[in-house]
Amino acid sequence: MIPLASRTSSAIPSIRPLVCRSCSSCTRWQVSKSWASPVRSNASRPLHTTAQSISDNAPFRKVLKEAAKKIKKEKREAPEVSRKHGQMKNSRVDDWELTVGIEIHAELNTAQKLFSGAATSTNQPPNTHVALFDVAFPGSQPIFQKPTLIPALRAALALNCDIQYKSSFDRKHYFYQDQPTGYQITQFYEPFAKAGYITLYPHDFPSGSPPLSGPITIGIKQVQMEQDTAKTVQQPPSTHLLDFNRVSHPLIEIITLPQIHDPTTAAVCVRKIQAVLKTVNAVTAGMEMGGLRADVNVSVRSRNGLPTNDQQSYSGITGLGQRTEIKNLSSLKAVEDAIIAERDRQIELLESGGVVEGETRGWTLGSKSTKRLRGKEGEIDYRYMPDPDIPPIYIDPDLVDHIRQTLPELSDESIHKLVDSQYNLTAKDASTLLTLSDGDRLDYYYEVVEQLRTIFVNEPAIHARIGKTAGNWVLMELGGLLKNEEWSSTIVTPQDLASIISHVLRNQITGRTAKMLLAMKFEGDQRPIEQIVSDENMLLRPLSRHEYEELARTLLEEKADMVRDIVEKKQVKKLKWFVGQMMARSAEGTVEPDKAEEVLRMMLKLSD
Amino acid sequence: MSRLQHASRQLDNIVRHSSLNAVVATPNRASILAAAESADNASSGHDVDSRSPRGRVILVKDNICTTEFPTTAASSILKSFKSPYDATVVKLLQDAGALIAGKTNMDEFGMGSHNMHSYHGATKMSRVAGEERSAGGSSGGSALAVAMDQCWAALGTDTGGSVRLPAAYTGTVGFKPSYGLLSRWGVIAYANSLDTVGILGNSVDSVEGTFDAINAYDPQDPTSLPLSTRSRLGQRKTSSSSLKIGIPLEYNISTLSPAVREAWKRSMRQLQERGHSLHTVRLPATQHALSAYYVLAPAEASSNLARYDGVRYGSRAEGIDGTPESVLYAKTRGEGFGSEVQRRILLGAFTLSAQAIDNYFIQAQKVRRLVQQDFDRVLRVPNTLVESSTEIKDEGVDVLLCPTAPTLAPQLSELQNQDPLQAYVNDVFTVPASLAGLPAISVPVDVAEQSRQPELKAQGIQESAGMQIIGQYGDDKAVLDVARELMEATRV
């Protein structure tokens with residue numbers, strides 16, 4: 001179920017007839033590309049509770065940095081309060097084991113709604129894509145739209161699930177104005193996918209925070225298909241307008257096992273699932289666009305045998321403490337912060353002799369604690385009932401095989417490939433490449449490598465260095481120039497970068513020259529690389545041994561005091577200053593730093 | 001007699017008997033008559049199939065969506081509702097040239113056995129002055145309209161006997177086809193897994209003609225039987241010379257009224273005399289069928305009726321609803337639904353609740369399966385939905401013959417303060433076929449001389465009891481054929 005309270009916005013819709021007859025024949029496909037960058041416009045669905053400044057596509061480091069900044073700022077502003085409510089001392093937290101399970105709801109990327117021929121839409125005028133069944137007209141019936149199964153299967157396969165041959169739909173009853181039938185059609189008794197898992201590697205974590213050295217595997221209990229609800233448009237003080245365009249948009253709900261024991265791991269898990277769903281083109285948008293939301297189940301149990309009621313069992317995992325559910329978290333930061341706040345609340349409660357109640361709690365961004373929404377006695381009994389109108393779905397194993405075989409490469413596979421001897425990147429660089437610009441940077445990298453391999457096809461010695469060198473240039477040198485600009489593969493084409501790198505690999509230009517060359521292309525120099533190199537006289541014209549020695553002698557004589565420091569005080573680092581001076585005093589592209597240092601060492605009788 | 005003459009007389013009867021409250025929405029008389037006349041003209045000189053609904057007045061139960069008339073399901077919550085689309089069965093009838101002449105009264109959302117729970121007021125059967133009897137429910141309006149010659153045929157819906165029971169009380173023919181043959185697109189759901197469009201008429205011919213016109217696969221109804229399965233049905237021909245008729249012993253209950261039991265016995269005798277053989281059969285799950293039905297139907301109803309909240313259509317309570325102190329829509333739904341509907345919603349909400357579902361809903365589903373297996377065991381024709389073979393077995397019977405209701409139509413005065421459970425008991429003979437999805441028809445069989453009421457006899461009115469023919473899934477034509485023969489055989 002998509003939680004209710006925050007699924008509203010304050011746009012003002014035009015009033016239109018409720019039912020769009022033409023929707024029954026709508027077959028328009030949304031243009032979607034797996035690597036397409038998210039639309040950053042106001043036209044998207046806004047969620048009024050989530051004025052998020054940080055895009056969920058942003059590197060997680062950045063997200064954490066922002067979060068840290070915020071906490072610092074808050075501490076500055078309200079030191080009293082933060083001391084009281086801030087994060088608990090680690091020693092106390094260490095006495096307790098946290099257990100978290102996550103439910104993720106994601107909007108599937110489909111042309112049709114789940115049970116009608118009406119087209120799905122994200123920013124169409126309100127109530128223009130609504131079939132009779134979507135608004136529960138008397139006598140109307142659901143027709144399962146088979147194509148919606150395809151992205152759902154892609155998602156489930158990417159999460160390593162077992163696809164069930166037979167699955168079925170159930171009604172989950174509750175009253176709310178955004179739910180026209182009075183029930184949500186979901187898969188409670190027989191979901192279409194079960195028993196999957198997702199693996200979190202150290203490189204999935206923000207730098208400095210991987211909790212363990214090895215990978216963590218988190219089980220996925222099931223993936224089910226279900227309907228989205230309508231959008232409520234608030235017109236204060238008391239008017240609620242309803243936009244039924246979103247009603248019955250297909251969703252998948254992904255339920256993890258309660259196998260997460262750390263708030264950051266939970267956020268990383270959500271982020272990774274989101275990335276996987278995007279990679280296989282299963283979903284419309286990420287959290288920042290409201291296309292993905294999470295609920296978390298949180299419990300703690302004492303590590304020191306403190307008598308608590310650790311009698312609970314969830315999804316077959318026993319001995320857990322009483323859990324609470326925090327609903328409708330719509331950003332990674334909210335996931336992490338809400339878990340921390342709820343963990344600390346439960347620990348405090350238990351340590352002061354209290355009892356954790358099974359209840360549903362809410363969290364709003366920026367708050368210090370979770371808030372009780374309803375207790376167990378107030379829990380809705382959803383009265384799950386198999387939908388008598390919708391026949392079971394039988395999924396042909398051949399279809400599953402076909403989808404499995406045509407699934408786009410997942411990030412873990414890409415990283416494994418980039419790290420092994422083919423490319424020789426570090427895991428860190430590999431995952432950075434993967435996350436940057438929604439994967440465009442990785443495509444660019446592959447292209448540069450491809451060009452270089454063609455250039456050096458007959459030079460195996462250089463061949464082995466291509467992957468790592470290209471990685472440095474794409475990430476460090478080109479990345480460093482980017483600063484605030486949006487990434488585009490046309491600023492410096494892969495051909496040009498490959499050409500620059502090839503000059504370096506052949507020792508035709510110095511690294512410094514190559515960087516200059518790159519900067520010129522970045523600034524828009526239209527000349528081909530070869531021409532710039534010859535126009536600007538950039539080719540390395542190496543000095544003779546004698547010339548090197550002459551140059552070095554002159555300098556050593558000028559700075560006798562520094563020579564003493566080096567020879568007597570062993571301040572060998574000062575050698576670098578001489579290397580720099582040798583380069584500075586010669587024409588561009590004539591002095592190589594390695595050779596300069598070697599000559600200096602020889603003359604000062606230093607060992608290597 | 002021409003179609004125009006029949007139509008004219010039937011439209012007159014709608015007006016004349018308006019106090020019986022069988023018809024709740026009537027059409028433009030002139031346009032109906034014009035259409036009847038043009039049907040006459042088009043067919044003049046040809047041999048017209050007397051079974052064809054072309055140019056015939058047909059009334060439609062008020063829970064079947066029509067764009068021309070309001071569709072209220074006899075509920076206050078839909079009192080102002082007009083459907084933006086026509087039900088598939090209505091469209092098919094119009095395509096066949098039938099004259100859709102109005103809507104008929106019913107129990108609210110199909111919940112009731114006497115047509116007393118209606119926003120439009122009760123339907124009353126009154127054959128002689130002062131008589132006020134139940135027309136049966138929930139398709140009481142359709143049955144009575146047929147009985148009073150207000151139409152050639154009428155559509156009803158049958159969830160647990162809602163077509164057959166009123167047919168039995170009003171002395172008409174009421175047919176519930178196999179589940180899935182007639183489209184439910186546009187039929188307001190009471191209990192989806194049981195709801196079946198049914199047909200009422202004065203003869204098996206008019207019922208069959210109407211059935212043939214609307215028996216078609218509908219892709220808009222996910223429970224409509226697909227063409228591939230339809231092609232496997234009804235492949236056998238009835239050898240009407242000698243059928244094996246099953247007499248289920250469980251239906252001979254102690255509370256069966258003497259008039260009904262006598263009519264049953266006479267039906268057996270007449271069929272035997274025509275060369276058919278009688279065989280007693282046992283359907284042991286029958287005794288639990290009624291309880292199972294009254295768990296399953298309200299469960300589905302509580303779910304189906306959740307949509308009536310006054311937000312998108314239908315009526316809404318005055319003022320603010322869903323205040324923080326009350327449950328959302330409590331006011332609108334409290335005002336909009338009648339007492340019987342509220343009772344069944346509560347029943348259903350309970351049987352689906354976490355604490356009760358295992359003991360009620362799940363158990364009832366098991367009983368339902370047992371009921372179906374009972375039928376499969378005693379019937380010779382294999383159930384196409386369960387077995388791949390279409391071979392007719394040597395063992396078993398062709399059809400079952402049993403009463404439709406334990407009594408003749410009761411007086412409304414007896415029902416006024418009746419316990420709801422007593423009303424539910426009227427469905428005891430009709431519910432098993434509904435649970436199994438089998439075709440079943442009720443035909444009128446005259447009651448014996450000694451059972452006739454003097455005041456009706458004095459007016460020359462012949463009372464009848466409803467006799468039910470039940471066949472295997474998809475064996476609808478055999479059921480209709482036996483029904484036709486039984487009517488001919490028992491006519492006094």
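In this predicted model, Pro237(A) turns up in the loop that runs between β9 (231-235) and β10 (239-243) of chain A. What kind of peptide bond joins Pro236(A) and Pro237(A)? The bond is cis, with omega at about 5°. Chain B has a cis bond as well, this one leading from Gly137(B) to Ser138(B), and its omega is near 5°. Ser138(B) sits in a loop too, between β5 (133-134) and α4 (140-147) of chain B. These bonds are worth pointing out because most peptide bonds are trans. Back in chain A, the loop between β10 and β11 (250-256) holds Ser248(A). The phi of Ser248(A) is near 70°, a positive value in a residue that is not glycine. Most residues other than glycine have a negative phi.

Next comes the place where the two chains meet. On the chain A side, 32 residues are in contact with chain B, and 38 residues of chain B take part in return. How much area is buried between chain A and chain B? The figure is about 2800 Å², with carbon and sulfur atoms giving 61% of it. Three residues of chain A stand out here: Pro138(A), Gln141(A) and Phe175(A) supply 24% of the area that chain A buries against chain B, more than any other three residues. The size of an interface is often given in just this way, as the accessible area lost when the parts come together.

As for charged pairs, the count between the chains is one salt bridge. It links Asp389(A) with Arg184(B), and the closest N and O atoms of the pair are 2.4 Å apart. Polar contacts across the interface of chain A and chain B come to 19 residue pairs, both partners being at pLDDT 80 or more. Two strands of chain A, β5 (170-173) and β18 (385-386), each bring at least two residues to the side that touches chain B. Sorted by type, the residues on that side of chain A are 20 nonpolar, seven polar and five charged.

Those two strands also belong to a sheet. In chain A, three strands make an open sheet in the order β6-β5-β18, with antiparallel pairing. Why is one side of β6 (183-186) and of β18 left without a neighbour in the sheet? Both stand at the edges of this chain A sheet, so each has a single partner strand. β5(A) and β18(A) run antiparallel and are joined by two bridges, and Arg171(A) has Met385(A) of β18(A) as its bridge partner. Chain B reaches this sheet as well: its helix α9 (residues 286-304) packs on the sheet and touches β5, β6 and β18 of chain A. The direction of α9 makes about 65° with that of β5(A).

Chain B has an open sheet of its own, built from eleven strands in the order β1-β3-β2-β6-β8-β7-β12-β13-β11-β9-β10, and here the pairing is mixed. The edge strands are β1 (23-25) and β10 (277-281) of chain B, and because each has a single partner strand, one side of each lacks a neighbour in the sheet. On average, neighbouring strands are turned by 35° against each other, direction ignored. At the β1 edge, β1(B) pairs with β3 (residues 99-104) of chain B in the antiparallel sense, over two bridges. There Val23(B) stands opposite Thr104(B) in β3(B).

Helices lie across this chain B sheet too. Helix α3 (residues 88-95) of chain B crosses β2 (57-61), β3, β6 (153-158) and β8 (196-201), running at about 150° to β3(B). Helix α8 (residues 258-273) of chain B lies across β9 (244-248), β10, β11 (399-403), β12 (440-446) and β13 (464-470), running at about 150° to β11(B).

Key: Residues are numbered from 1 along each chain as its sequence is written. Chains are lettered from A and ligands numbered from 1 in the order in which they are written. This is a predicted model: local features need pLDDT of at least 70, side-chain atom pairs count only at pLDDT 80 or more; totals for chains, interfaces and linings use all residues. Side-chain values use heavy atoms; hydrogens and water are left out. Contact means heavy atoms within 4.5 Å. Buried area is the accessible area (1.4 Å probe) that two parts lose on being put together, summed over both. A salt bridge is a side-chain nitrogen of Lys or Arg within 4 Å of a carboxyl oxygen of Asp or Glu. A polar contact is a pair of N or O atoms within 3.5 Å; within protein, one must be able to donate a hydrogen and the other to accept it, and residues adjacent in sequence count only if both atoms are side-chain atoms. Helices (H or I, at least four residues) and strands (E, at least two) are DSSP runs, numbered from the N terminus. Ala, Val, Leu, Ile, Met, Phe, Trp, Tyr, Cys and Pro count as nonpolar, Asp, Glu, Lys and Arg as charged, and the others, Gly among them, as polar. Two strands pair if DSSP finds at least two bridges between them. Axes are lines fitted to C-alpha atoms, for helices over the stretch in contact, and angles run from 0 to 180 degrees between N-to-C directions.
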